[in-house]
Amino acid sequence: MAFLLTSSLFSASEEVITIYGSNLSFAPSDWNVVCYGAACKGSADSVQAAIDEMLRRAVKDFVEEEEIAASFCAALKSSEPSHCESKFGGHNSMSLLYKHSSVWWDFPSATNGCGTGSFFESALSSRLTGTNGFTGDLDEPISGFSFEPACNNHDMCYNGGTGRNGCDGSFYTELQSICSGSHECNDFAKLYSAIVDVFGQEAYNEAALVQECRDFKNDIAKNRCVNMQVAGTGNT
Amino acid sequence: MNKIIVSIAIASVCGGLLYKAYDSEPDNQVEQPKLRSASSEKSDYLLQNLANDSSKGLEVLAQDKSSVPLKDSETFLDGLAERDRDAFGQANERLFGVLENISEEDYQKLIDKGFPSTRDFDFVSKYDIKELSNTLSYNGSTYPSFDKDSSISYPALSSLNLLRALANLEEVTRYYFPEYQQGTPFPKSNDWPDGERPAQVVEALMKMISAYGFVRDDSAIELLAQARYQQLAFSADDNNADRVVEKLATANKLLGGDDNLLSFVTQHYPDKLDYFKELSIE
């Protein structure tokens, strides 16, 4: 059973899923997990399926809550995206503390205005140099018009992973709104729009990778799997 | 006699929209066209001088004020020298056929709406893509004229600049994808050798961005040029038909309804035809 609770800052949805450990009315047991990412939801499903299978084989038996939790954490940890530790980790010595390594994953800021330090930024700077009215500041390329909020919203949209075309279209619409009819400003809006249009795929892909790891880290933390040792869905 | 023949051509190889052939001394170029001050004068240079002598270049013809005007039944393209006809044919192809079977009177109307005269073609030829983009960035305040004393059309310059940047991009792209054609989505990143766009392609893309930035939304030719850009569908998973058709429909509206555009949409975006018609009358 799953139901939508609220919208997360970084994710399209946060879902609370209940895993049932018994089908006996006199011995109810269940465990709630909170999921941001698909891997977490998949883990919950697989644990529930394992319990169901076990209950089918031993009708009078039931599974303790702690065991459900341990099983879920084991399943979740086994679904860790392979790129997260290498991209955001680098704190292996801390593993001596028996905490899950995701605790120390260090993510880039979810938003960074109109500069990224990437090829995207260099392309933007390169293109704007020589353009009439360029202030030299990518967040406010023309005096009096700050593009920073639109850039941040565009970053958030990419993080959400709902599709580039919509994000890029909304970005241009927001820039136009900021420009309020100023043609000089609109020239810059068009340039920014074209830059994200042409070179945005890499940033979008990267955002998806980051978001996948953010979701996983959130799932580990929210479900108290940080300190839990790996356990299987063994018999009670 | 020293003379210069200026021919309008869409240069498919280098993306230029106009080339010049000089017979000897560059100093003796035909004088820079005088800048027009009223839109009603915009047709003089090209349209009133489409004489029957197809061996002459447009600039030479333009000086012959006694040329016989086109008859109503004659199309604009019929009156051009062969190479000029080819050039306008290619421009027509890039502009979705709006110059198809056009008469003198109709072309005059298009020029009044910002479409290029030979002066505009000539002006574009003097700059490379990025130079012209930067030049346009300094001349936006007198839009739709290029400057306060000029009848050079800003919309024509910006649109031609974008179209030649797109032509240049297509040419570079065909080096890697020989079958690549105008009007089709640009290859996605993973499709390129080693999974990334070659430097040559990135350079062509940067030029295109430079040109795109100064194409506004206020005239039909600018919207048509933008529709060509939208066909590349950089951020779309499909062919970006909605945005292409939106640009075409707005251009259609500004043109007061264009049968050639309607025909293009009917042929290439049949499932968007109702959307096109709806937007055209909004």
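**Close-up of the residue that follows helix α10 of chain B.** In this predicted model, G256(B), which lies just after α10(B), adopts a positive phi of about 75 degrees. The helix that precedes G256(B) comprises the 14 residues 241–254 of chain B, and because each residue should contribute 1.5 Å, a span of 20 Å is expected for α10(B), in agreement with the 20 Å that separates its end C-alpha atoms.

**Close-up of the buried residues of α10(B) and their surroundings.** Buried positions in α10(B) include V244(B), V245(B), K247(B) and L248(B), and the list continues through A249(B), T250(B), A251(B) and N252(B) to L254(B). The partners against which the buried residues of α10(B) pack are three helices of chain B, namely α9 (220–230), α11 (259–268) and α12 (273–281).

**Close-up of H268(B) in helix α11 of chain B.** H268(B) is placed in helix α11 of chain B, one of the helices against which the buried residues of α10(B) pack. H268(B) itself counts as partly exposed, because 16 C-beta neighbours lie inside 10 Å, a count that falls short of the 20 or more required for a buried residue and exceeds the 12 or fewer of an exposed one. Between H268(B) and G114(B) there is a separation of 154 residues in sequence, and their C-alpha atoms are 26 Å apart in space.

**Close-up of the crossing of helices α7 and α9 of chain B.** The axis of α7(B), residues 154–176, comes within 9 Å of the axis of α9(B), and the two cross at roughly 20 degrees. The two helices are therefore roughly parallel, since angles under 35 degrees are classed in this way, and their crossing is left-handed. On the α7(B) side, the residues that take part are P155(B), A156(B), S158(B), S159(B), L162(B), L163(B) and L166(B), and these meet I221(B), E222(B), A225(B), R228(B) and Y229(B) of α9(B). Sorted by class, this contact of α7(B) with α9(B) contains 8 nonpolar, 2 polar and 2 charged residues.

**Close-up of the contact between chain B and chain A.** Chain B supplies 16 residues to this contact and chain A supplies 19 residues. On the side of chain B that touches chain A, the elements that give two or more residues are α6 (129–137) and α8 (199–212) of chain B, and α8(B) provides the largest share, 5 residues. By class, this side of chain B is made up of 9 nonpolar and 7 polar residues, with no charged residues.

Terms used:
Residues numbered from 1 in each chain as written. Chains lettered and ligands numbered in written order. Predicted model: local features only at pLDDT ≥ 70, side-chain atom pairs only at ≥ 80, totals over all residues. Helix = DSSP H or I, 4+ residues; strand = E, 2+ residues; numbered from the N terminus. Expected span 1.5 Å × (residues − 1). Contact = placed C-beta atoms within 7 Å. Nonpolar A, V, L, I, M, F, W, Y, C, P; charged D, E, K, R; others polar. Axes fitted to C-alpha atoms, helices over the stretch in contact; angles between N-to-C directions. Parallel < 35°, antiparallel > 145°, perpendicular 65-115°, else oblique. Left-handed = near helix turned anticlockwise from the far one by under 90°.
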